[in-house]
Amino acid sequence: MTHPPCPFCAADPDETDEWLLVTRLAQSKLWLSKNQTYRGHCSLVFLGRHVERLDDLDGSEFQRFVVDLRSSLQAVRHAFAPDHVNVEMLGNVVRHLHAHVIPRYQDDPRWGQAIWMTDASQMPVTKLPRAELEARVAQLRAALA
Ligand SMILES: [Zn+2]
């Protein structure tokens, strides 16, 4: 099976149709999803070169990425006070190392389950007004500061 060119390596935008950049960390970029069904849903994308999985990293890359992941988890917990946080590293759609950081709430649509249990087209979509989305980015930046 062949895969299209890596979208994370092909361009370096601050925003896409689906994601808004929060910040650059030591070895990654943290993005906020524009689908806010899970309040504070982020993705941490490995930065520096194309790799597919954690086992592709050398020791120092691994250490910096995991520290970035911990910082992201702490920021999400501080900013949004979820009941739980999932970290999902699947790579089934985009084969570039990234981790979804998904705050979970007892009243969310799939509490107690993974959020991706059906085709992505069946995911509930929650779009926010721009100002509210940017306020969430600001909350995360403040929590990371
Ligand atoms: Zn890549």
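Student: In E3, which residue is the bridge partner of Leu-32?

Tutor: This is a predicted model. E2 and E3 run antiparallel, joined by five bridges. Within that pairing, Leu-32 has its bridge partner in E3, and that partner is Cys-42.

Student: What is the order of the strands in the open sheet?

Tutor: The sheet has five strands, with antiparallel pairing. Strands E1 (19–24) and E4 (84–88) are its edges, each pairing on one side only. From one strand to the next the twist averages 25°. The order is E1-E2-E3-E5-E4.

Student: Over how many bridges do E3 and E5 pair?

Tutor: Strand E5 covers residues 98–104 and pairs with E3 in the antiparallel sense. One bridge partner in E5 is Ala-99, matched with Leu-44. Another is His-100, matched with Ser-43. The number of bridges between E3 and E5 is four.

Student: How many residues of E3 are buried?

Tutor: Take one face of E3: Cys-42, Leu-44 and Phe-46 are buried there. On the other side, Ser-43 and Val-45 are buried too. E3 is therefore largely enclosed by the rest of the structure, and its buried residues number five of the five.

Student: Is Leu-44 buried or exposed?

Tutor: Leu-44 is found in strand E3, residues 42–46. Residues touching Leu-44 include Leu-25, Leu-30, Phe-65, Leu-69 and Leu-97. Buried means under 20% relative accessible area. Leu-44 has 0% relative accessibility, so Leu-44 counts as buried.

Student: At about what angle does H2 run to E3?

Tutor: Helix H2 spans residues 59–80. H2 lies across E2, E3, E4 and E5. Helix H3 (residues 130–144) also packs on the sheet, touching E1, E2 and E3, and its direction makes about 20° with that of E1. For H2 and E3, the angle is about 165°.

Student: Is Gln-36 buried or exposed?

Tutor: Gln-36 lies in the loop between strand E2 (28–33) and E3. Leaving aside neighbours within four places in sequence, Gln-36 is in contact with His-41, Thr-126, Leu-128, Leu-133 and Arg-136. The relative accessible area of Gln-36 is 3%, so Gln-36 is buried.

Student: Which residue's backbone nitrogen does the side chain of Gln-36 reach?

Tutor: The side chain of Gln-36 has two backbone atoms to consider here. The backbone oxygen of Ser-33 is reached at 2.8 Å. The backbone nitrogen is reached at 2.7 Å, and that nitrogen belongs to Gly-40.

Student: What is the geometry of the site of the zinc ion?

Tutor: The zinc ion is coordinated by Cys-6 (SG), Cys-9 (SG), His-50 (ND1) and His-96 (ND1), at 2.0 to 2.3 Å. The angles among these four donor atoms run from 104 to 117°. Four donors count as tetrahedral if all angles lie between 85 and 135 degrees. The site is tetrahedral.

Student: How are the donor residues of the zinc ion spaced in sequence?

Tutor: Cys-9 sits in helix H1 (residues 7–10), and His-50 in the loop between E3 and helix H2. That pair is 41 residues apart and links distant parts of the chain. For the donors together, the spacing is C-x2-C-x40-H-x45-H.

Student: What is the relative accessible area of His-50?

Tutor: Cys-9, also a donor to the zinc ion, is partly exposed at 43%. Partly exposed lies between the two cut-offs, under 20% for buried and over 50% for exposed. His-50 is partly exposed as well, and the relative accessible area of His-50 is 37%.

Terms used. Residues numbered from 1 in each chain as written. Predicted model: local features only at pLDDT ≥ 70, side-chain atom pairs only at ≥ 80, totals over all residues. Heavy atoms only, no water. Helix = DSSP H or I, 4+ residues; strand = E, 2+ residues; numbered from the N terminus. Buried < 20%, exposed > 50% of the residue type's maximum accessible area, 1.4 Å probe, protein only. Contact = heavy atoms within 4.5 Å. Donors = N, O, S within 2.8 Å, 3.2 Å for Na, K, Ca; no water. Tetrahedral: all angles 85-135°; square planar, octahedral: opposite > 155°, others 65-115°. Polar contact = N/O pair within 3.5 Å; in protein donor to acceptor, adjacent residues only side chain to side chain. Pairing = 2+ DSSP bridges. Axes fitted to C-alpha atoms, helices over the stretch in contact; angles between N-to-C directions.
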